[in-house]
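Could you take me around this structure in the viewer, stop by stop? I'd like to know what to select next and what is there when I do.

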Amino acid sequence: MIRGARDRSVLLLRMIATTDPFLIDDIQREMDIVALSITQAAQQISQRVTDQDHQAWLKQLFRITTQNRDNQSHVYNLMTQENADNARQFLVDVTLPVQEQALEILTLFQEELNTKANLAEQKMHGYLSSNKVLWISLSLVFGISLLIISLFTLKRLRQLGQAQTLFQQTLETQVKKRTLELHLDSSVLHNIHEAVAVASCTGDMVKTNQKFNQLLSSANLTCDNLWQVIQTLLPALSIESIKKSLGEYGYTRHECELVIDTRACHYFIDIYCVNDEQLDQRYISLLLTDVSELKTTQQHLEHLANFDPVTQLPNRHYFQTYLSRALSNEKIEQFSLFYIDLDNFKWINDTLGHGSGDQFLLQIATQLANTFETNRQVLVCRLGGDEFAVLVENCDDNCHVMMADQILNCCAQVNQINQYSKSIGCSIGVASYPKDGTTQAALMRHADFAMYKAKEQGKNQYCFFSEAMNERIHYLYDMEHNLQTALTNHELNIHFQPQYNLQNGQLTGAEALVRWQHLGKAVSPAEFIPLAEKFGLIHAIGEFVMRTSIQQLAHWQQQGLLLPKMAINVSSAQISLHSFVADVEHALKNSDIHAHQIDLEITETVLMENLKQHKTALEVLQNQGIEISIDDFGTGYSSLAYIKHLSVDRIKIDRSFINDLGQNEESDSIVSAIITMGHSLGLKVLAEGIETAQQLTLLRKMGCDEGQGYYLGYPTTPKEFSFIPLSIQQLADRVTLQ
């Protein structure tokens, strides 16, 4: 721009100095060209300059340049008018000063730009220095990184080398281990108990073990073909059948008996088709397993499962299986079942020991087996304990009698051999198919029921099942069902009969008596209690009576009605349970009742059934304060000699002795003796079943402590129970009125 401005000034001077018009036009064109270049340069600079001061200089420069161009145009016009003097004067006075201003501005702008250029250059040198340091740092970092990478690579190469060494060692170890395994497999295969052979698909032997070779040697065989070995050693097997099974399933199993050295051996024969892609072809393996000992053990177990170890007769399991087959066999139209139970057999075990008992059972079994061994239509079994069964096909009424007599005769012969002081007989129940039952359960139940009828009729005899017995069974079945329903539906309830002191009339307690209302009708305890014991329901009933009685006693106590004691009957089933003591303790714990308020009544028969166990349980309860009474005293062992060995507090004289008081001197003497002996042993005596004033008077004279009965008070519901004592005068009045 500066050069252009100076060029324009030179061109103006040349224009003034010349007079040639053509040259003046040429100079004017050059001046226009220079002016245009100056303008373009200024515009380019203006686009790049962002500084506000520089932009102001550029604006001033544009203004001066425009003015200068106008001045130059005026000079040109003067020259074209041939007014050189005025043109020269205007150039010197006006145009050149303006031109100088432009040059000054351009010079200042150039200096500013040069200064900034120098600063930029210095910065650039600084940047270059910094970049040099940076490049040096980067080079150092790169060099260190390269060194680290080299070291890591070297370490990795060493690790790879070590890994390769370890891999090689591991590979060698695995090869050794696999070699040992192959040797072990080969050794095991060679020495296992089973005989093993491997053959090609054509049957050519590939590998055999020692057991297989011994088997061939024992059978004098030297065959090299598997199919020939099977055909010769196992002629019962079909080669075609084996090949067919291998083709369809790839496996076949058989069981055969081989006679080797005159010894019969049982073998399992397993033949497999070996298909493995890693093998060169398909192979066939043969495995022979000797199961002779297993067969012997199995037969022994089957014998144990089906035969009684004492008598060697078929047992209950065998009998039930046999009976089931007979019932399903359409060819058998009729057969009879004799159910046998020995009478008084327990006496042998208790008196002579169980060894003698087993000997007696063996003798009975031998006699029965010998009696019927020639008859293939008769099966004799021992069902268990002292029970036997005889099953006879196609037996009519005459046959029934003959068979029963033969069985009774067997018992008689065994008794004659042993000459025991007590004769051991047998009771026999007979039921026939299909008349008396068409199922196993029905026949067994009916024969068993007939056997019990034979016992009721005097033992050592036989009894045939009848329709009347069937009705009785249905009655018992209904009673069992009804009793179970009664427990579920809460049909049972408790009545309480008061007990009094016979000397002063004070209420001493109450006996809890269970009652049953079925379909609006009262069922006698004498009827359903024995049945409950037979059906196994007596424990549930006894638990109900004890729980309800204790709850009622606690309820009365909360109402302020004090009852000295509650008498609760305990059955044999209850006291025989190991949980009996805990059950009683639990019932007391759940109430506010003290142990001394409870009196457990146990019949002497029940007490003596298992004296040791019962005595221990009762002593535990008695030590806690519970009283123990012997109920129905005099009907069992009828002796006071054992009382001193029992933990009891009271004896209750059975009503059968009280009924005859005043009418039978023997009964009077017995009752008096019981009261006297009881007192001498420190026991309280209670008479039950008092129904007349005379009985009451005699008992008072004899010194009986307590009593209960209809004459003193009936069993009543809890709401009707009276806590009012009987005065001495009332007792006397009752006697007088009688």
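Here is a tour of pockets, cavities, rings, cysteines and a few backbone oddities. Keep in mind throughout that this is a predicted model.

**Stop 1: the largest pocket**

Start by selecting Glu511, Leu513, Pro525, Ile529 and Asn569, the lining residues that lie nearest the centre of the largest pocket. The space here comes to about 920 Å³, and the full lining runs to 35 residues. To see where the walls come from, colour strand E12 (507-518), helix H15 (525-535), helix H16 (538-558), helix H17 (572-575), strand E15 (598-603) and strand E16 (627-633), each of which supplies at least two lining residues. Which element gives the most to this lining? That would be E12, with five residues. If you colour the lining by residue class, you get 14 nonpolar, 11 polar and 10 charged.

**Stop 2: the second largest pocket**

Keep H15 on screen, since it also supplies at least two residues to the lining of the second largest pocket, as do helix H13 (440-456) and helix H14 (467-488). Now select Phe449, Ile473, Leu476, Lys534 and Phe535, which lie nearest the centre of this pocket. Its volume is about 510 Å³, and 14 residues line it. How do those residues divide by class? Six are nonpolar, one is polar and seven are charged.

**Stop 3: a closed cavity**

Next, go inside. Searching the whole structure turns up two cavities of 30 Å³ or more, and our stop is the second largest, at about 40 Å³. Select Tyr322, Ala326, Ile332, Phe335, Gln377, Leu391 and Glu393 to show its lining. Five of the lining residues are nonpolar, one is polar and one is charged. Helix H9 (316-328) and strand E8 (387-393) each contribute at least two of them.

**Stop 4: rings**

The whole structure holds 14 aromatic pairs. One of them is Phe307 with Tyr318, a tilted pair with 5.6 Å centre to centre and 40° between the planes. Phe307 sits in the loop between helix H8 (292-306) and H9, while Tyr318 is in helix H9, so the pair links parts of the chain 11 residues apart. Are these two rings' residues buried or partly exposed? Phe307 counts as partly exposed because its relative accessibility is 23%, and Tyr318 does too, at 29%.

For a group of rings, select Phe345, Trp347, Phe360 and Tyr420, which form one aromatic cluster.

Then try two spots where a charge sits over a ring. Lys243 lies over the face of Trp227, at 4.9 Å from the ring centre. Arg253 does likewise over Phe268, at 4.8 Å from the ring centre.

**Stop 5: cysteines**

Show the cysteine sulfurs. The disulfide count is one, and the bond joins Cys395 to Cys399, with 2.2 Å from S to S. The torsion about the S-S bond is -105°, making the link left-handed. Both partners are buried.

Now move to Cys201. Why is there no bond to Cys273? Cys273 holds the closest cysteine sulfur, but the two sulfurs are 8.7 Å apart, which is too far for a bond. Cys201 is partly exposed, at 33% relative accessibility.

Cys410 makes a similar stop: the closest cysteine sulfur is in Cys411, at 7.0 Å, again too far for a bond. Cys410 is buried, with a relative accessible area of 2%.

**Stop 6: backbone oddities**

Most peptide bonds are trans, and most residues other than glycine have a negative phi. With that in mind, select Tyr433 and Pro434: the peptide bond between them is cis, with omega at about 5°. Pro434 is in the loop between strand E9 (426-433) and H13.

Two residues are worth a look for phi. Gln312 is not a glycine, yet has a positive phi of about 65°. Gln312 is in the loop between H8 and H9, and is partly exposed with a relative accessible area of 45%.

Finally, select Gln419, whose phi is also positive, near 50°. You'll find Gln419 in the loop between helix H12 (397-418) and E9. Is Gln419 buried or exposed? Its relative accessible area is 67%, so Gln419 counts as exposed.

Technical notes:
Residues numbered from 1 in each chain as written. Predicted model: local features only at pLDDT ≥ 70, side-chain atom pairs only at ≥ 80, totals over all residues. Heavy atoms only, no water. 1 Å grid on protein atoms, 1.4 Å probe; cavity = no way out; pocket = protein on both sides within 12 Å on 5 of 7 lines; lining within 4 Å. Points joined across faces, edges and corners; volume = space filled by probe spheres on them. Helix = DSSP H or I, 4+ residues; strand = E, 2+ residues; numbered from the N terminus. Nonpolar A, V, L, I, M, F, W, Y, C, P; charged D, E, K, R; others polar. Phe/Tyr/Trp six-rings, centres within 6.5 Å; stacked < 30°, edge-to-face > 60°. Buried < 20%, exposed > 50% of the residue type's maximum accessible area, 1.4 Å probe, protein only. Lys NZ or Arg CZ within 6 Å of the ring centre and 35° of its normal. Disulfide = S-S within 2.5 Å.
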